Amino acid sequence: MTEPSVRAPASDLAFITTGSTDGVLAALADAAAPAADPADRLLVLRGSVPRQGGRLPVTAVDESSLIPVLEDAYGLGRWRAWRRTDHGSSNMSWFVRTDAGEVVLRRSHNLKTVAGAEFECALIDHLRGHGYPAPPVERTRDGAVSVQVDGVLHMVTRLMHGRAYDPGDAAQLAEVARGLGRYHAIVSELSMPGYRERSSGLATLGQVGQEKLYAAVDVMASLLDADSGAALREDARYLADRMEQLNVGLGGRQKDLTSIVIHGSYGQSAVLMDEGRLSAVLDFDRSAQELLGLDLAYALRSFCFDGPIRRAGFGLDPDRCRTFLHHYRSHAPLAEADLSAMPDIFQAQRLMVVVKKCENLLTKQALIPRQPQDAVKFARIMDREASCIRLLMDTPFTITEDA
């Protein structure tokens with residue numbers, strides 16, 4: 001843990017606070033009631049614009065310069081000590097001890113926008129208004145929900161207490177399933193009756209996503225030997241073909257599928273437990289209006305995986321899935337159309353990750369050319385994903401409580 005003895009001058013850092021979300025929060029508060037102007041509600045529900053581009057390489061942060069700037073922006077007194085969290089692949093976070101108590105500072109990746117921060121904060125406030133254990137967002141001295149330093153957004157939330165999820169505890173599995181059901185029940189009131197919007201996730205599987213896949217493969221195949229390069233291109237052709245099939249097939253069924261503000265990453269690392277109870281739900285960074293099935297697929301993969309290493313392949317424990325589904329449904333309904341679409345949703349979710357990896361690779365390639373070892377790793381990932389999709393095609397995992 002670090003505690004600087006001298007406050008470094010902040011004059012060489014750009015410091016901008018974003019706008020307040022008062023207007024957004026007001027619209028959220030009225031979301032359950034008829035709105036005078038439907039466009040106001042749409043602004044809230046679609047406030048988190050789909051992320052464009054890829055993530056930049058992670059760079060070192062000069063904490064001695066950054067922390068004083070943020071300390072000045074927030075009315076939390078002195079920031080006495082801080083330390084980096086152990087986890088976090090897309091954001092950097094710190095546990096901070098201030099005069100006003102313990103908080104968490106998050107430094108977002110380059111794709112986080114002001115609109116995205118405001119949407120996230122508004123969603124958290126709405127959830128907390130219903131008693132949901134989401135971490136409250138600290139406002140700056142001028143009422144903003146985030147601070148921009150050198151073009152990067154920073155948010156501060158109150159530290160939520162609890163222990164890590166125990167995958168061997170059946171009671172905790174039931175508790176987190178109820179937690180996701182409760183979340184979906186709360187956010188369902190934000191959806192406008194009869195309003196449908198094409199899933200931005202599914203849209204990434206169309207022509208643009210396929211082009212990104214082929215572009216990334218072209219870069220990496222040139223760094224491999226002939227046989228490995230040919231195998232990578234074959235995997236890419238298979239993945240692109242399946243992307244197109246799902247883009248058309250699931251796209252044509254969207255009118256029958258439930259669309260809500262999903263959590264986006266409701267998994268083991270996003271929950272804290274306290275004496276068997278769900279004490280906190282974290283990581284709302286990926287929340288957006290999307291297909292409910294994507295949230296369910298993410299949660300089932302995280303909590304119901306059959307085996308200790310999820311990256312080794314795709315395997316769900318049917319009994320755990322039935323248990324999860326049973327307790328989820330005790331708090332939120334689940335339409336049969338959403339259930340029947342789950343075999344395709346599982347595939348679509350994995351392919352969305354493939355597109356994002358390709359997008360990130362192309363962004364990094366433009367800054368720092370990839371090396372042969374990067375190509376070997378990328379080819380291994382594509383081989384694994386192609387094998388997974390083939391497995392899901394051959395043995396589709398149908399989610400029911402009694403099958």
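This is a short tour of helix packing, salt bridges and buried residues in a predicted model.

**Stop 1: α7 against α13**

Start by selecting residues 207-221, helix α7, together with residues 372-394, helix α13. Two packed helices are described by the angle between their axes and the distance between those axes. Here the angle is about 135° and the axes lie 9 Å apart. Angles over 145 degrees would count as roughly antiparallel and 65 to 115 as roughly perpendicular, so α7 and α13 are oblique to each other. Their crossing is left-handed.

Now show side chains at the contact. From α7, pick Leu213, Ala216, Val217 and Met220; from α13, pick Asp374, Ala375, Phe378 and Met382, which they meet. Colour this set by residue type and you should find seven nonpolar residues, no polar ones and one charged. While you have the α7 residues on screen, keep the helix geometry in mind: an α-helix has 3.6 residues a turn, so residues three or four places apart point the same way.

**Stop 2: α8 against α12**

Next, select helix α12, residues 342-367, and helix α8, residues 226-253. The axes of α8 and α12 come within 10 Å and cross at roughly 125°. This pair is therefore oblique as well, and α8 passes α12 in a left-handed crossing.

Which residues of α8 meet α12? Leu239, Arg242, Met243, Leu246, Leu250 and Arg253 do, and their partners in α12 are Asp344, Ile345, Gln347, Ala348, Leu351, Val354 and Val355. The residues of this contact divide into nine nonpolar, one polar and three charged.

Stay on α8 and centre the view on Asn247. Is Asn247 buried or exposed? With a relative accessibility of 14%, Asn247 counts as buried. Leaving aside neighbours within four places in sequence, select what Asn247 is in contact with: Arg198, Leu202, Ala203, Leu205 and Gly206.

**Stop 3: α3, an enclosed helix**

Move to residues 63-73, helix α3. Eight of its eleven residues are buried, so α3 is largely enclosed by the rest of the structure. The buried ones to highlight are Ser65, Leu66, Ile67, Pro68, Val69, Leu70, Glu71 and Ala73.

**Stop 4: salt bridges**

Side chains of opposite charge can pair when their charged atoms come close. The model holds 22 salt bridges, and a few are worth a visit.

Select Arg139 and Asp125, whose closest N and O atoms are 2.6 Å apart. This pair links distant parts of the chain, 14 residues apart: Arg139 sits in the loop between α4 (114-129) and β5 (147-149), and Asp125 in helix α4. Arg139 is partly exposed at 26% relative accessible area, and Asp125 counts as partly exposed at 24%.

Then pick Glu138, which forms a salt bridge with Arg158, the closest N and O atoms being 2.3 Å apart. Glu138 is in the loop between α4 and β5, while Arg158 belongs to strand β6 (residues 152-158), 20 residues apart. Glu138 counts as buried at 15% relative accessibility, whereas Arg158 is partly exposed at 24%.

For another pair, choose Arg320 and Asp317, which meet in a salt bridge at 3.9 Å, N to O. Arg320 counts as partly exposed, with 30% relative accessibility.

Finish with Arg106, Lys112, Glu120 and Asp285 selected together: salt bridges that share partners join these residues into one network.

Conventions:
Residues are numbered from 1 along each chain as its sequence is written. This is a predicted model: local features need pLDDT of at least 70, side-chain atom pairs count only at pLDDT 80 or more; totals for chains, interfaces and linings use all residues. Side-chain values use heavy atoms; hydrogens and water are left out. Axes are lines fitted to C-alpha atoms, for helices over the stretch in contact, and angles run from 0 to 180 degrees between N-to-C directions. Helices (H or I, at least four residues) and strands (E, at least two) are DSSP runs, numbered from the N terminus. Angles under 35 degrees count as roughly parallel, over 145 as roughly antiparallel, 65 to 115 as roughly perpendicular and the rest as oblique. A crossing is left-handed if the near helix is turned anticlockwise from the far one by less than a right angle, and right-handed if clockwise. Contact means heavy atoms within 4.5 Å. Ala, Val, Leu, Ile, Met, Phe, Trp, Tyr, Cys and Pro count as nonpolar, Asp, Glu, Lys and Arg as charged, and the others, Gly among them, as polar. A salt bridge is a side-chain nitrogen of Lys or Arg within 4 Å of a carboxyl oxygen of Asp or Glu. Buried means under 20% relative accessible area, exposed over 50%, partly exposed in between (1.4 Å probe, protein chains only).
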